[in-house]
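Got the model open in your viewer? Here is a short tour, one selection at a time.

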Amino acid sequence: MDNQKATLELGTKPVGQLLMRYAVPAIIAMTASSLYNMVDSIFIGQGVGAMAISGLAITFPLMNLSTAFGAGVGVGASSLLSVKLGQKDYGAAQNILGNTVMLNIITGISFSIISLLFLEPILMFFGASAQALPYAKDYMEIILCGNVITHLYFGLNALQRAAGKPQLSMYMTIFTVVLNAILDPIFIWPLGLGIRGAAYATVLSQLFALIWQVVMFSNKSEFIHFKRGIYRLKSHLVKNIIAIGMSPFSMNVCACFVVIIINNSLVDHGGDMAVGAYGIINRIAFIFVMITIGVNQGMQPIAGYNYGAMKFDRMMRVLKYAVICGTCVTTIGFIVGQFFPEQCVRLFTSDETLISLSAHAMRLTTVSFPIIGFQMVVANFFQSIGKAKVSVFLSLSRQLVFLIPMLLVLPTLYGVDGVWYSMPVADTISALVTAIIMYLFMRKINKQKTI
């Protein structure tokens, strides 16, 4: 009953200690996950070439779309699991595990089949040139064949955190990163598989981690474990998982369309090298975004449990700590982006043209980083307590309402720099809107506490 004891502590132990206990493993795991993506990009850039980096950047929209389905299920299920554990509804918690497995299998296989059937036209629509298309296609064919493995791995990883096993979740992620870093150079160089080798390394590392997870969840001594009768889809659970998961799903779908617009705009105004530059700065920025997501993941079970238990003081306290941590992380990202861009970019390529383009873009796009942490944490907070509509709005407004109009207007005025300007402008407006909504929510909570 270790899991049950761990979840009960979410409502009793000091909030600061709990956030450290849950966030530190999640931050380590997310840092490792971002390095996971960087490792692929570095080995591809150094081992295959600058054009392969552009090809990899073209795959980002399709990867985001795949992530949207996986995150929609995984994050929705883990948030719902935290709330159910806070309500001590252990039967529902067990069924959430089985339903998460089934939903990930259904979405993972369906997405792979549809994408593989139309892969080449999809990549061309995403902005692939004749030179970049072969690299993008070679990479995505392998990734899509292992898509169901990816969905299951991330889904079970999220449930492990929510069920009181943040350290185990961290170990799983670190394991995939280390294994991927070992397999990448072997497949790319000695085996001569090029960009396909990087894809093989990614899928295989996740497969071995998934096997480990299955073994863990098969242990009947665990509070939440695989057993007969939990795999039949239950409509009320599926609806709640989808409703809560709609925020990360919508965010990733929007990210897909935003990257399509960015890629096509970069091709029009700067060519394949500009697309490659975006691919590089995206990987670097991803480190700080993922660390902030780690803070969010540490906050999520604590906020969700205490909201379910109506312990609002504890809920607001963990939000405060998470906002401070997230802001510190993205401020460090701002410092790196402004003062050390060339050094970061040289990890990925030795092409001087690509280095110059990437460093310039990185300085422009990281201007608003100090306020991104606040916006990300608050949007995730609403998701953690089951406020799906608010979370979806905050996630979508940054990309649909603010970023896309900027991407359509600013490049016509400033060329390729207009693409880079659009991102910090949208981030600033989104942070202001988030602050207003958070203020209104806090007023509502304070009224409830005085009743």
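## Stop one: helix 8

Start by selecting residues 147-162, which make up helix 8. At 1.5 Å a residue, its 16 residues should span 22 Å, and the end C-alpha atoms are 23 Å apart, so the expected and actual spans agree. Keep in mind as you look around that this is a predicted model.

Now show the surroundings of helix 8. Is this helix enclosed by the rest of the structure, or open? Of its 16 residues, 14 are buried, so helix 8 is largely enclosed.

Step past the end of the helix and pick Gly164. Helix 8 is followed by this glycine, which has a positive phi, near 90°.

## Stop two: a salt-bridge network

Next, select Asp138, Glu141 and Arg196 together and show their side chains. What links them? The three are joined in a network of salt bridges.

Take the pairs one at a time. Between Asp138 and Arg196 there is a salt bridge whose closest N and O atoms are 3.4 Å apart. Asp138 sits in helix 7 (residues 133-145) and Arg196 in helix 10 (residues 194-217), so this pair ties together parts that are 58 residues apart in sequence.

Then move to Glu141, which also forms a salt bridge with Arg196, with the closest N and O atoms 3.0 Å apart. This pair, too, links distant parts of the chain: Glu141 is in helix 7, Arg196 is in helix 10, and 55 residues separate them.

Turn on the surface here if you like. Asp138 is partly exposed at 28% relative accessibility, Arg196 is partly exposed at 25%, and Glu141 is partly exposed at 24%.

How many salt bridges does a search of the whole structure find? The count is six. For one outside this network, select Arg346 and Glu352: their side chains meet in a salt bridge, 3.2 Å from N to O. Both ends are partly exposed, Arg346 at 43% relative accessibility and Glu352 at 48%.

## Stop three: two helix pairs

Packed helices come next. Two packed helices are described by the angle between their axes and the distance between the axes.

Select helix 11 (residues 235-270) and helix 12 (residues 272-308), and look at how they pack. Their angle is about 140°, and their axes are 7 Å apart. Helix 11 and helix 12 are therefore oblique to each other. The crossing of helix 11 past helix 12 is right-handed.

Now switch to helix 16 (residues 369-384) and helix 17 (residues 388-414). These pack at an angle of about 155°, with 7 Å between their axes. Which way do they run relative to each other? Helix 16 and helix 17 are roughly antiparallel, because the cut-off for that label is an angle over 145 degrees. Helix 16 passes helix 17 in a left-handed crossing.

## Stop four: Met310 and Ser384

Go back to helix 12 and look in the loop between it and helix 13 (312-339), where you will find Met310. Most residues other than glycine have a negative phi, and most peptide bonds are trans. What is the phi of Met310? It is positive, about 60°, although Met310 is not a glycine. Met310 is also exposed, with a relative accessible area of 61%.

For a contrast in setting, select Ser384 in helix 16. Is this serine buried or exposed? Ser384 is buried, with a relative accessible area of 0%. While you have Ser384 selected, add Ile27 and draw a distance between the C-alpha atoms: they are separated by 17 Å, with the two positions 357 residues apart along the chain.

## Last stop: the cysteines

Finish with Cys325 and Cys328. A disulfide is a covalent bond between the sulfur atoms of two cysteines. How many disulfides are there in this model? With a cut-off of 2.5 Å between cysteine sulfur atoms, the count comes to zero. Cys325 is in no disulfide, and its nearest cysteine sulfur, that of Cys328, is 6.6 Å away. Likewise, Cys328 is in no disulfide, with the sulfur of Cys325 as its nearest cysteine sulfur.

Check the surface around this pair before you close the viewer. Cys325 is partly exposed at 34% relative accessibility, and Cys328 is partly exposed at 45%.

Key
Residues are numbered from 1 along each chain as its sequence is written. This is a predicted model: local features need pLDDT of at least 70, side-chain atom pairs count only at pLDDT 80 or more; totals for chains, interfaces and linings use all residues. Side-chain values use heavy atoms; hydrogens and water are left out. Buried means under 20% relative accessible area, exposed over 50%, partly exposed in between (1.4 Å probe, protein chains only). A salt bridge is a side-chain nitrogen of Lys or Arg within 4 Å of a carboxyl oxygen of Asp or Glu. Helices (H or I, at least four residues) and strands (E, at least two) are DSSP runs, numbered from the N terminus. The expected span of a helix is 1.5 Å times one less than its number of residues. Axes are lines fitted to C-alpha atoms, for helices over the stretch in contact, and angles run from 0 to 180 degrees between N-to-C directions. Angles under 35 degrees count as roughly parallel, over 145 as roughly antiparallel, 65 to 115 as roughly perpendicular and the rest as oblique. A crossing is left-handed if the near helix is turned anticlockwise from the far one by less than a right angle, and right-handed if clockwise.
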